[in-house]
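The following exercises ask the reader to work from a structure toward its overall form, its helix packing and its backbone. Each task is followed by a solution in steps.

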Amino acid sequence: MRKNVDLRLPGALLLLALFANPAQPAGVDSARAPREPGALSGDVVTQFDKFLQSNVYTEGADPTTHAPGLILLVDTPGGRYLRAAGVASLENGAPLRVDDRLEIGSNSKSFTVVLLLQLQEEGVLTLDDSLSKWLPGWAARIPNSDQVTLRHLAQHTSGIWDYGDPLIGAAADDSIKLEQGYSPQQLVQYAIDNGTPDFAPGEEGKWKYGNTGYILLGMIIEKATGQSLGALYRQRIFDPLGLETAALVEAVPQVGEIVDGYWWTDDAQIRNTTNWNASQGWAAGGIAMTAEELLTFAKALAAGKLFRKPETLALMLTFDPDGMGGQVPYGLGLMDFSRVGAPGSWGHAGQTAGFQSLWYTNPDTGVTVIGLTNSARYSAYSFLRVGFLLALGSAKASTGESVASASGAAESPRFERLDKCFAQLPEDVDVQYDMDCGYVVVPEFHGGQSTRELRLGITRLKARDGTVGSPLFMLAGGPGHTEVSPDYLRLFQPALLGGILQSRDIVLIEQRGTEHTDTYLDCPESRTAPWAAYEKGLFRDEAERFVLGAIERCIEAFRARGINLDAYNSRESAADINDVRQAMDYDRIVYYGASYGAQLGQHVMRDFPGILEAVVLDGAEGLSRKSWVENRALDAQWGIDHLAALCRADEQCIEDYDIPALVEAVLALFDDGPLPFTYTAPDDPSLTIRGEVTVQDMAGFIYGRQGDRIGAMSLPRILDQLSGGGAEQVALILGSVKSGQLVASRDATSSPMATIMHLAMVCSDDPVKSVDEVNVTGVGRYAELFGREQGETYAELCQRIKVKELPDSTDVNATTNVPTLLLSGDLDVATPAFRSKEVADALPKSTLVVFPGRTHVQIAAVNLCAAQIMTSFVLHPKDDLDMSCTENSPLLGFLLLDGSISRTPR
């Protein structure tokens, strides 16, 4: 039976979005909240299906964007997708299957480097060994070989001429050359006979992709071990990982060994190139395997399971910024895809005479993408779009259950240890922490107004060499986020903040009212209320009142339990920090706060300056703001103006887009009022939702896209598509988003945000009493719409929670004379860099670091440069900081109309 509903709930769904995804960028909460295995959302699956089907080759299609067959495997903490489309053979039409085996081409290089580094761990060789040490005979025939190291060969900085394109490219058009076999020695001789070095080994600023260097590495590996390369792949990688069908193909493939592969000539002729003799690729590109097997390898590599030491993987991840002309920095057998549409992701691409492939993984989000095709002309980089499609949807997430404890009779503050911690390291992290956990018991009111106590969850990572410096206290944002989760513990690996643990404890503190405290001020009912309203047949104002009523009931339920919500404010939380310090017997601390945690840190700086050795504020706004929504419209306008300025400075972007005009164009589509839509749930065809999207929905959509790097840099393309598609296209897209939120609210009981704690903190610190508190001076239509919608929402919520307001004396920026590091992203619209500068200007000993191409909050977003700078600052807060890594910070270009990525000037 088909269901129908009128959906006109902008306010109610805004409340749902507010608490499900508070003012944090996409990617930040994923590093904090553990995700349980489940199913990808229907929207995401639909997008992936469309991607595959639209990329299948039909006669006359562009061979660079279409292939006979494609396999896509997307593995996420919220579920996985594995499907094939198209054919395994154009001649007989056999469908491509997900378990078919394809050549992976240069992805073999990652496997070769794994063997190389395993031998280095065993002391057999080192990356700094010279080519002449291992292959003196061959080295004598190669210019500059005494200066060539194994590192140069692995990172494509040796300058040795590449045989790949001249030999393999020619083979694609010549059946005799296609099937011709070569020994590794013959491939090297071919390079010697046909080319000269492109540059001196290790010459600064020089990089050129080459296969010859990897053939030499394979020869060295065989010489060092006395075993064949194929046997070493099998013994050291394939068998330990259970890769049963993976193999090094060293001749013309046997019939049925792989699916058919194809090459498109320049005059659009299709050639079956399955008989390409894979000996031409060998250590540089001779492996064939299934998508599942490549995923297993990728995840094992990211988890460090292929090495004995965690620092060995870090060698592979040390990227040369000049790789691929500066577009794709190259490590040792790995590529950094951050600049080409997959921020934080690394992996490799591969091509043979008949196949293309690409894989990438993001250790922060836990997402791994595998793409295989049986066309050598198809651009494997098209699979980078999958990450963008994933960002448009969402995987279901869940958090752990709250932990409660009975009140004790001893004096507070005190530390009560627990036998089991709130979160453990993920199994794939090969790092051991000396960790203890428990509750610090603090008074409900530090002024003695009550005898009630609160328990704050504490997770402490102990210094390896014993504590010789002040500990680092870390606080989350929101307000209302939890500070500890399995994935958040990843941040303390050696490549990130792990260096701090050598001499300083790190203490993760749950703020009062958040998940791991004895009073978890959450309201799951508010997240399921939109669906409940739908079930009751409510819509428009009635539905919004129903959602607000759910929040009111949560507030009253907490008060009925004797919980005084007036105790949940920034001043009491700041005093909690001092109590934790005392209870854990520390003299002074280094404070770190992210987003709202940075605001809380300023309260600590004002009220307890004597306990601070140093402070790190990540995504900060000053305390002088009088209302939570005061700057929302101003900052939204700045965000769109800044994005437009970046586009004007980008020759490719400005050719395609006029961002302010596009914003006005999509808003103008609502000039005659809301737009009607009809939505059918992909996973439930019987559910049809009919409703309207409003201009406020459009403003919220624009702002939301700026919350992460991919969203911001793809926003012009999206706006162009929406404006070009007209009202019907806008209604389709926004209606799908809005209806998807409604359907998701059926079981949206868990969230990393403590809803009522969030409201108590906001409405006591910077309460919103009227929408008129939103400053709209000089802003455009988009920013005013967004700011006023935010103002109306918080005014309604603050009216209902009715907590005591903090005095005006707390609305003064901190001026504490303590070393302070401020971290900011130049794309941040939540707390723009100029807001952090206002905070820095009031502090006598401050350093503000702005990271190009970054959005809100740096550390949780796994900004390696920020982690490096912060580590140096925490260990030596009085020393000058080396901030040179910001000059090489990877920038993500704009998504252009043709689907390519621009190269944004630094």
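The radius of gyration is taken over C-alpha atoms, and the globule rule sets it at 2.2 Å times the number of residues to the power 0.38. The model examined here is a predicted one.

**Exercise 1. Overall form**

Task: Determine whether the radius of gyration of the protein chain agrees or disagrees with that of a compact globule, and describe the chain as a whole.

Solution:
- Step 1. For 906 residues, the rule gives a radius of gyration near 29 Å. The protein chain has 29 Å, so the value agrees with a compact globule.
- Step 2. Along the principal axes, the C-alpha atoms occupy a box of roughly 85 × 65 × 45 Å.
- Step 3. Of the 906 residues, 61% are buried. Among contacts with a separation of 6 or more, 74% are made by residues 24 or more positions apart.
- Step 4. The secondary structure of the chain consists of 28 helices and 23 strands.
- Step 5. The accessible surface is about 33200 Å², and carbon and sulfur atoms contribute 48% of it.
- Step 6. The chain carries 74 positive and 116 negative charges, whose mean positions lie 3 Å apart.

**Exercise 2. The buried residues of two helices**

Task: For helix H27, identify which residues are buried, and establish what covers them. Repeat the analysis for helix H22.

Solution:
- Step 1. An α-helix has 3.6 residues a turn, so residues three or four places apart point the same way.
- Step 2. In H27 (residues 833–841), the buried residues are Ala833, Arg835, Ser836, Val839 and Ala840. Viewed down the helix axis, they fall within an arc of 155 degrees, and therefore line one face of H27.
- Step 3. The cover over these H27 residues includes helices H19 (596–607) and H20 (632–648), together with strands E19 (612–618), E22 (820–825) and E23 (846–851).
- Step 4. In H22 (residues 659–668), Ile659, Leu662, Val663, Val666 and Leu667 are buried. Because their arc around the axis is only 130 degrees, they are on the same side of H22.
- Step 5. The packing partners of the buried H22 residues are H20, H23 (695–705), H24 (709–744) and H26 (781–801).

**Exercise 3. Positive phi values**

Task: Classify Asn144 as buried, partly exposed or exposed, and do likewise for Val857, giving the phi value of Asn144 and of Val857.

Solution:
- Step 1. The cut-offs are under 20% relative accessible area for buried and over 50% for exposed, with partly exposed in between.
- Step 2. Asn144 is in the loop between helix H5 (136–139) and helix H6 (150–155). Its phi is near 65 degrees, a positive value in a residue other than glycine. The relative accessibility of Asn144 is 32%, so this residue counts as partly exposed.
- Step 3. Val857 is in the loop between E23 and helix H28 (864–875). Its phi, near 75 degrees, is likewise positive in a residue other than glycine. With a relative accessible area of 2%, Val857 is buried.

**Exercise 4. The loop between E16 and E17**

Task: Locate the cis peptide bond at Pro479 and describe Ala476.

Solution:
- Step 1. The cis peptide bond joins Gly478 and Pro479, with omega about -10 degrees. Pro479 is placed in the loop between strand E16 (472–475) and strand E17 (506–509).
- Step 2. Ala476 is also in the loop between E16 and E17. Its relative accessible area is 1%, so Ala476 is buried.
- Step 3. Ala476 and Thr514 are 38 residues apart along the chain, and their C-alpha atoms are separated by 10.0 Å.

Note on methods: Residues numbered from 1 in each chain as written. Predicted model: local features only at pLDDT ≥ 70, side-chain atom pairs only at ≥ 80, totals over all residues. Heavy atoms only, no water. Helix = DSSP H or I, 4+ residues; strand = E, 2+ residues; numbered from the N terminus. Buried < 20%, exposed > 50% of the residue type's maximum accessible area, 1.4 Å probe, protein only. Contact = heavy atoms within 4.5 Å. Areas by Shrake-Rupley, 256 points an atom, 1.4 Å probe, with all protein chains shown as cover. Lys, Arg positive; Asp, Glu negative; His and termini not counted. Charge placed at Lys NZ, Arg CZ, Asp CG, Glu CD. Arc of directions from axis to C-beta.
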